[in-house]
Amino acid sequence: MKVLSLDKPFEIHVKERDIPQIKENEVLIKVLATAICGSDIHAFRGEQAIFDYPRITGHEICGVVEKIHGSSDLNVGDKVCVIPYISCGNCISCRKGKPGSCESLRVAGVHFDGGMSEYCVMPVENVIKIPQDMDPFKAALIEPMAISAHAVHIAKVKNGENILVFGVGPIGLGISEIARVLGGNIIVADISEDRCKFAKERFGYKNVLNPSKPDFKDLLSEITNGDMPDTIFDATGNAKSMSNCFDYLSYGGKVVYVGTVK
């Protein structure tokens, strides 16, 4: 099979490898589509602290079940997406029901080879069946959109709340769209004028602000009738932005961090 191997920063090569053999409770997936995450770009640039080279990147994956080893509701030929995070199940965080904070968390495309290949292997419990007629390029985005959905879920967004989203990348836009469906009054903010323009033109957001502008806080106050945002999501991964969130929060409000600081 062909793979894209990131051998070191700024060096990607197409290589031939054997199709991987699966072990007990694993699934062999024929990859249909793999999206490129911001973390993949950081790894390419040598800016991913937890990354080991060489590596086949890619954790936002859609494919078709090729083989299954072990008991599962999946069948050969099923179209699937994956949960790319593998937890140990035994540490204190896992025992608390928080596998995302596992002491030994392993991520596809980071700690073991991911989806930038013709085939990949995942544990049975990390593979989710999706509709057969779902477009694979859209299905590959289920994983990042699940991150957005989880952020909105833990924030318990309510109808009529003023919601400020810092960072108008894919995750931030996902948060904005989901919170808007729940009735939130959405304000998006980014220092990139291109991203701000995209949010206005593609998604129709009216309250699009640049936090680097001196009137940013005054505009927030005006939009929220002096109350300031009830909930702030920071999807920037920028330490300064994450620290400054509290300057713009309403009394009794909440902040949800969704980005990872490089």
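Two strands pair if DSSP finds at least two bridges between them. Helices (H or I, at least four residues) and strands (E, at least two) are DSSP runs, numbered from the N terminus. The model on screen is predicted: local features need pLDDT of at least 70, side-chain atom pairs count only at pLDDT 80 or more, and totals for chains, interfaces and linings use all residues. Residues are numbered from 1 along each chain as its sequence is written, and side-chain values use heavy atoms, with hydrogens and water left out.

**Stop 1: the first hairpin**

Select residues 2–8, which are strand β1, and then residues 11–16, strand β2. The two strands pair in the antiparallel sense over six bridges. Strands of a sheet pair through backbone hydrogen bonds, either parallel or antiparallel. Together β1 and β2 make a hairpin with two residues between them. Pick F10 in the turn: its phi is positive, about 70°.

Now show the side chain of L4, in β1. Which residue of β2 stands opposite L4? It is V14. Add I12 to the selection, and L4, I12 and V14 appear as a nonpolar patch on the surface. Patches are made of residues with over 30% relative accessible area and no salt bridge; like charges are joined within 9 Å, nonpolar side chains (Val, Leu, Ile, Met, Phe, Trp, Tyr) within 5 Å. Together the three residues have about 260 Å² of accessible area, by the Shrake-Rupley method with a 1.4 Å probe, where for residues only the protein chains shown count as cover. L4 has 36% relative accessibility and counts as partly exposed. The cut-offs are under 20% relative accessible area for buried and over 50% for exposed, with partly exposed in between (1.4 Å probe, protein chains only).

**Stop 2: a salt-bridge network**

Select R17, R55 and D113, which are linked in a network of salt bridges. A salt bridge here is a side-chain nitrogen of Lys or Arg within 4 Å of a carboxyl oxygen of Asp or Glu. The structure holds ten of them.

Start with R17 and D113, whose closest N and O atoms are 3.0 Å apart. R17 lies in the loop between β2 and β3 (26–35), and D113 in the loop between β7 (106–107) and β8 (119–123), so this pair ties together parts 96 residues apart in sequence. Both ends are partly exposed: R17 at 33% relative accessibility and D113 at 29%.

Then move to D113 and R55, with closest N and O atoms 3.1 Å apart. R55 is in the loop between α1 (38–44) and β4 (60–69), so this bridge joins parts that are 58 residues apart in sequence. Is R55 buried or exposed? R55 counts as buried, at 12% relative accessibility.

**Stop 3: the parallel sheet**

Display the five strands that form an open sheet, in the order β12-β11-β10-β13-β14, with parallel pairing. The edge strands, β12 (208–209) and β14 (254–257), each pair on one side only. Zoom in on β12 and its neighbour β11 (residues 185–189): two bridges join these parallel strands. The bridge partner of A189 in β12 is L209.

Next, select D190 and R195, another salt bridge, with closest N and O atoms 3.9 Å apart. D190 is buried, with a relative accessible area of 9%, whereas R195 is partly exposed, with 39%.

**Stop 4: aromatic rings**

A search of the whole structure finds seven aromatic pairs. Rings of Phe, Tyr and Trp (its six-membered ring) pair if their centres lie within 6.5 Å; planes under 30 degrees apart count as stacked, over 60 as edge-to-face and the rest as tilted. Select F166 and F216, a tilted pair at 5.9 Å centre to centre, with 50° between the planes. F166 is in strand β10 (residues 162–166) and F216 in helix α7 (residues 216–223), 50 residues apart. Both F166 and F216 are buried. Add Y248, and ring pairs link F166, F216 and Y248 into a cluster.

Go on to F198 and F203: the ring centres are 5.8 Å apart and the planes at 75°, so the pair is edge-to-face. F198 is partly exposed, with a relative accessible area of 43%, and so is F203, with 21%.

Keep F203 in view and add R202, which lies over the face of the F203 ring at 5.1 Å from its centre. A charge sits over a ring if NZ of Lys or CZ of Arg is within 6 Å of the ring centre and within 35 degrees of the ring normal. Last, select R180 and Y205: the charged end of R180 sits over the Y205 ring, 4.1 Å from its centre.
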